[in-house]
Amino acid sequence: MRFDVTGKVSLDHIYDQPDPRAYFRALRPLDYGVPQQAKPYFAKFITEYRESRRVAVPQVLDIGCSYGINAALLKYDTTMDELYARYGDEERVDESREALLARDRELSRSRRPPRAIRFVGLDTSGSALSYALEAGFLDDVVHADLEKHEPTPRQRARLAGTDLVISTGCVGYVTERTLTRVVRAQGIRRPWMAHFVLRMFPFDSVEGALADLGYRTVRVDEVFRQRRFASPQEQALVLDGMSAAGVDPRGLEAEGWLYAQLHLSRPYDITGTDDPNREQS
């Protein structure tokens, strides 16, 4: 079992496969479920934006979207249990990628959200993005590493028009560098943001960078189980890191689970958040 620099077990191999089966088979024994817990919060956030900004079809940018899990949950009202059964069951092991895609396209055709949402995925994994786009979970994709590089003109064009930015677990690996580049791609507009961030990762630098761009961030008091630790060694490494950072794991990570907190960031000033050329309700 390999560990990354944060102390977490390395699961890099599950994010760059041709389809989501390895992802769900690896995460199912760990009871990974934060996208399900995030779903009602994201749905409420999107509704608040839609109503306050009078935008009929909000564009959501999912950072670290992998195979479009959040999009599948929010656009097509799937559940994590349904997706685990869809991709993680043993009878699916020998199913072809084409057959899997056909079933997913049927799902995206047969289930429509009561109100339209446009989902754009940002990720460093081209294969995961390709699957999510072909399946119909994502409407567009940006294959980029904005930690290392400024967006190209084409990537900037695809990022432009973002109304809301969401993530479930990538912040900590993704930093304020990516988020500020996303914001600057909007020109004077300021998208709302909702990030589920593991407690082991400080959010101060992100919050500070967003404040410099005109944001106020509020942390939701509730904590959310992300997944079980993969091994006692992973737990020990993470707890050591949290102790060094001054984060108290008692009653939470010390009991065997990784926990996340939700940070909501909205612009202080609404100037530029409404585009008169956008479709209005």
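This passage describes the sheet, the helix contacts and the salt bridges of a predicted model.

The sheet comes first. Seven strands form an open sheet with mixed pairing. Their order is β3-β2-β1-β4-β5-β7-β6. Strands β3 (140-143) and β6 (215-228) are the edges, and each pairs on one side only. Neighbouring strands are turned against each other by 20° on average, direction ignored. Within the sheet, β5 (residues 192-198) pairs with β7 (residues 257-267). The pairing is antiparallel and runs over six bridges. In this pair, M193 stands opposite S265 of β7.

Helices α3 and α8 both pack on the sheet. Helix α3 (residues 69-76) touches β1 (59-63), β2 (118-123) and β4 (164-168). The direction of α3 makes about 170° with that of β2. Helix α8 touches β1, β2, β4, β5 and β6. The direction of α8 makes about 160° with that of β1.

Helix α8 (residues 176-184) also meets helix α9 (residues 204-212). The two axes come within 9 Å and cross at roughly 25°. Angles under 35 degrees count as roughly parallel, so α8 is roughly parallel to α9. The crossing of α8 past α9 is right-handed. On the α8 side, the contact involves E176, L179 and T180. On the α9 side, S205, V206 and A209 take part. By class, the contact of α8 with α9 holds three nonpolar residues, two polar residues and one charged residue.

Helix α5 has contacts with α6 and with α4. Helix α5 (residues 97-110) and helix α6 (residues 126-135) pack at an angle of about 50°. Their axes are 8 Å apart. This angle makes α5 oblique to α6. Residues R97, L100, L101, D104, R105 and S108 of α5 make the contact. Their partners in α6 are S130, Y131, E134 and A135. Four nonpolar, two polar and four charged residues make up the contact of α5 with α6.

The axes of helix α4 (residues 80-88) and α5 come within 11 Å. They cross at roughly 155°. Angles over 145 degrees count as roughly antiparallel, and α4 and α5 are therefore roughly antiparallel to each other. Residues E82, R86 and Y87 of α4 meet L100, R103, D104 and L107 of α5. This contact has three nonpolar, no polar and four charged residues. Residues L100 and D104 of α5 are listed in the contact with α6 and also in the contact with α4.

Salt bridges were searched for across the whole structure, and 20 were found. Side chains of opposite charge can pair when their charged atoms come close. One salt bridge joins the side chains of E150 and R181, at 3.3 Å from N to O. E150 lies in the loop between β3 and α7 (153-159), whereas R181 belongs to helix α8, so the pair ties together parts that are 31 residues apart in sequence. Helix α8 thus appears in three settings: on the sheet, against α9 and in the salt bridge through R181.

Note on methods
Residues are numbered from 1 along each chain as its sequence is written. This is a predicted model: local features need pLDDT of at least 70, side-chain atom pairs count only at pLDDT 80 or more; totals for chains, interfaces and linings use all residues. Side-chain values use heavy atoms; hydrogens and water are left out. Axes are lines fitted to C-alpha atoms, for helices over the stretch in contact, and angles run from 0 to 180 degrees between N-to-C directions. Helices (H or I, at least four residues) and strands (E, at least two) are DSSP runs, numbered from the N terminus. Angles under 35 degrees count as roughly parallel, over 145 as roughly antiparallel, 65 to 115 as roughly perpendicular and the rest as oblique. A crossing is left-handed if the near helix is turned anticlockwise from the far one by less than a right angle, and right-handed if clockwise. Contact means heavy atoms within 4.5 Å. Ala, Val, Leu, Ile, Met, Phe, Trp, Tyr, Cys and Pro count as nonpolar, Asp, Glu, Lys and Arg as charged, and the others, Gly among them, as polar. Two strands pair if DSSP finds at least two bridges between them. A salt bridge is a side-chain nitrogen of Lys or Arg within 4 Å of a carboxyl oxygen of Asp or Glu.
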